[in-house]
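Here are my comments on the model, as numbered points. Please read them with the coordinates open.

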Amino acid sequence: MSTRNFGLGHREMARAGRIALQTRGALSFASVATLAARWEAFCEWAKPQGINKMEKITRSTLRDYGQH
């Protein structure tokens, strides 16, 4: 059985990222909120690129986003 978004408990990338941040434990509420907002911006950019799950993210994806 394959899992989506590394088994973080949600099919949507943005929500799975927030779950990962919240379960990290060492981050403050404000840090989680800030990082989650940045992650959501990345997820919105990634959708039109055909990236709908974390397993599809590559180094070149991140490089392209950085250049964007």
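1. Start with the loop between α2 and α3, where Gln49 sits. This is a predicted model, and every value below is computed from it. Gln49 is partly exposed, at 47% relative accessibility. Its C-alpha lies 8.9 Å from that of Thr61, with the two positions 12 residues apart in sequence numbering.

2. Asn52 belongs to the loop between α2 and α3 as well. At 39% relative accessibility, Asn52 counts as partly exposed. Which residues does Asn52 contact, leaving aside neighbours within four places in sequence? They are Arg4, Arg11 and Met13. Met13 is also one of the buried residues of α1. For the spacing towards Leu62, the C-alpha to C-alpha figure is 14 Å, at 10 residues apart in sequence.

3. Now the overall fold. The protein has three helices and zero strands. Along the sequence the pattern reads α-α-α. The C-alpha trace spans about 35 × 30 × 15 Å along its principal axes.

4. Next, burial and surface. Of the 68 residues, 22% are buried. The accessible surface comes to about 5,100 Å². Carbon and sulfur atoms account for 52% of that surface.

5. Contact order deserves a line. Take the contacts between residues at least 6 apart in sequence. Of these, 43% join residues at least 24 apart.

6. Charges: there are 11 positive and 5 negative side chains. The centres of the two sets lie 5 Å apart.

7. Helix α1 covers residues 13-24. Does its length agree or disagree with the expected span at 1.5 Å a residue? The 12 residues should span 16 Å, and the end C-alpha atoms are 17 Å apart, so the length agrees. After α1 comes Gly25, with a positive phi near 85°.

8. Which residues of α1 are buried? They are Met13, Ala14, Ala16, Gly17 and Leu21. Because these residues cover an arc of only 165° around the axis, they lie on the same side of α1. The cover over the buried residues of α1 includes α2.

9. Arg18 is a residue of α1. It is partly exposed, with a relative accessible area of 35%. That value falls between the 20% and 50% cut-offs, so Arg18 is neither buried nor exposed. Not counting residues up to four places away in sequence, Arg18 touches Val32 and Ala36. Both of these partners, Val32 and Ala36, are buried in α2. The C-alpha of Arg18 is 8.2 Å from that of Leu35, which is 17 residues away along the chain.

10. Helix α2 has 18 residues. From first to last C-alpha it reaches 25 Å, close to the 26 Å expected at 1.5 Å a residue. Its buried residues are Val32, Ala36, Phe42, Cys43, Trp45 and Ala46. Against which helices do they pack? The answer is α1 and α3.

11. Helix α3 runs over residues 59-67. Asp64 lies in α3 and is partly exposed, with a relative accessible area of 41%. Asp64 and Ala46 are 18 residues apart along the chain, and their C-alpha atoms are separated by 10.0 Å. Ala46 itself is one of the buried residues of α2.

12. Finally, check the backbone in the segment before α1. Asn5 is placed there, and so is Phe6. Asn5 has a positive phi near 55° and is not a glycine. Phe6 also has a positive phi, about 55°, and is likewise not a glycine.

13. Are Asn5 and Phe6 buried or exposed? Asn5 has a relative accessible area of 0%, so it is buried, the cut-off being under 20%. Phe6 has a relative accessible area of 57%, so it is exposed, the cut-off being over 50%. These two residues, with positive phi in Asn5 and in Phe6, are the ones to inspect in that segment.

Technical notes. Residues are numbered from 1 along each chain as its sequence is written. This is a predicted model: local features need pLDDT of at least 70, side-chain atom pairs count only at pLDDT 80 or more; totals for chains, interfaces and linings use all residues. Side-chain values use heavy atoms; hydrogens and water are left out. Helices (H or I, at least four residues) and strands (E, at least two) are DSSP runs, numbered from the N terminus. Buried means under 20% relative accessible area, exposed over 50%, partly exposed in between (1.4 Å probe, protein chains only). Contact means heavy atoms within 4.5 Å. Accessible areas come from the Shrake-Rupley method with a 1.4 Å probe; for residues, only the protein chains shown count as cover. Lys and Arg count as positive and Asp and Glu as negative; His and the chain ends are not counted. The place of a charge is taken as NZ of Lys, CZ of Arg, CG of Asp or CD of Glu. The expected span of a helix is 1.5 Å times one less than its number of residues. The arc is that of the directions from the helix axis to the C-beta atoms.
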